[in-house]
Amino acid sequence: MIVNINEDYQVIVENYTNCTLLKAVIDDSGATKFATKGYYSNMSCALNACIHLMLEDKYDVMELVQYLDELENLEAKFRPVIKRFREGD
């Protein structure tokens with residue numbers, strides 16, 4: 001099953017304990033492909049990794065305080081979803 005996180009990220013859930021995080025990339029021909037960004041044991045781990053990758057996408061350089069603030073904002077956005085997955089663990 002494929003779970004779309006947003007327009008740039010998706011997770012392939014092969015079974016309950018095997019999730020592959022993918023990121024949309026544009027290849028040389030201009031076509032959108034998905035590149036593997038990591039393998040995770042569950043969806044909450046894949047979502048946590050995705051949050052950090054989203055920050056890398058948005059900024060090349062950040063001050064530590066700015067990074068922590070942005071991280072908190074993204075974590076707050078995803079917190080209800082991650083909590084639901086953790087309740088199922």
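What share of the 89 residues in the protein is buried? Buried residues make up 30% of them. Good morning, colleagues. Before I go further, please note that the structure shown is a predicted model.

Let me begin with the overall architecture. The protein contains two helices and four strands. Following the chain along its sequence, one meets these elements in the pattern β-β-β-β-α-α. As for dimensions, a box of roughly 40 × 40 × 15 Å, taken along the principal axes, holds the C-alpha atoms.

I turn now to the sheet. The four strands form an open sheet in the order β1-β2-β3-β4, and their pairing is antiparallel. At its edges lie β1, residues 2-4, and β4, each of which pairs on one side only. From one strand to the next, the twist averages 30 degrees.

Within this sheet, I would draw your attention to β3 and β4. Strand β3 covers residues 18-26 and strand β4 covers residues 32-40; the two run antiparallel and are joined by eight bridges. Two positions illustrate the register. K23 stands opposite A35 in β4, and V25 has K33 of β4 as its bridge partner. The hairpin that these strands form has five residues between them, and there G30 adopts a positive phi near 95 degrees.

Next, a single residue. Where does T20 lie? T20 is part of strand β3. Is T20 buried or exposed? Its relative accessibility is 4%, and because buried means under 20%, T20 counts as buried. Which residues surround T20, once neighbours within four places in sequence are left aside? T20 is in contact with Q10, V11, I12, E14, T36, G38 and Y39. Of these contacts, T36, G38 and Y39 fall within the range 32-40 of strand β4.

Finally, some properties of the protein as a whole. Considering contacts between residues at least 6 apart in sequence, 35% join residues at least 24 apart. The accessible surface comes to about 6,000 Å², and carbon and sulfur atoms account for 53% of that surface. With regard to charge, the protein carries 9 positive and 15 negative charges, and the mean positions of the two sets are 6 Å apart.

To close, I return to the main picture: an open sheet of four antiparallel strands, followed along the sequence by two helices, with T20 as an example of a buried residue in strand β3. Thank you for your attention.

Key:
Residues are numbered from 1 along each chain as its sequence is written. This is a predicted model: local features need pLDDT of at least 70, side-chain atom pairs count only at pLDDT 80 or more; totals for chains, interfaces and linings use all residues. Side-chain values use heavy atoms; hydrogens and water are left out. Two strands pair if DSSP finds at least two bridges between them. Buried means under 20% relative accessible area, exposed over 50%, partly exposed in between (1.4 Å probe, protein chains only). Contact means heavy atoms within 4.5 Å. Accessible areas come from the Shrake-Rupley method with a 1.4 Å probe; for residues, only the protein chains shown count as cover. Lys and Arg count as positive and Asp and Glu as negative; His and the chain ends are not counted. The place of a charge is taken as NZ of Lys, CZ of Arg, CG of Asp or CD of Glu. Axes are lines fitted to C-alpha atoms, for helices over the stretch in contact, and angles run from 0 to 180 degrees between N-to-C directions.
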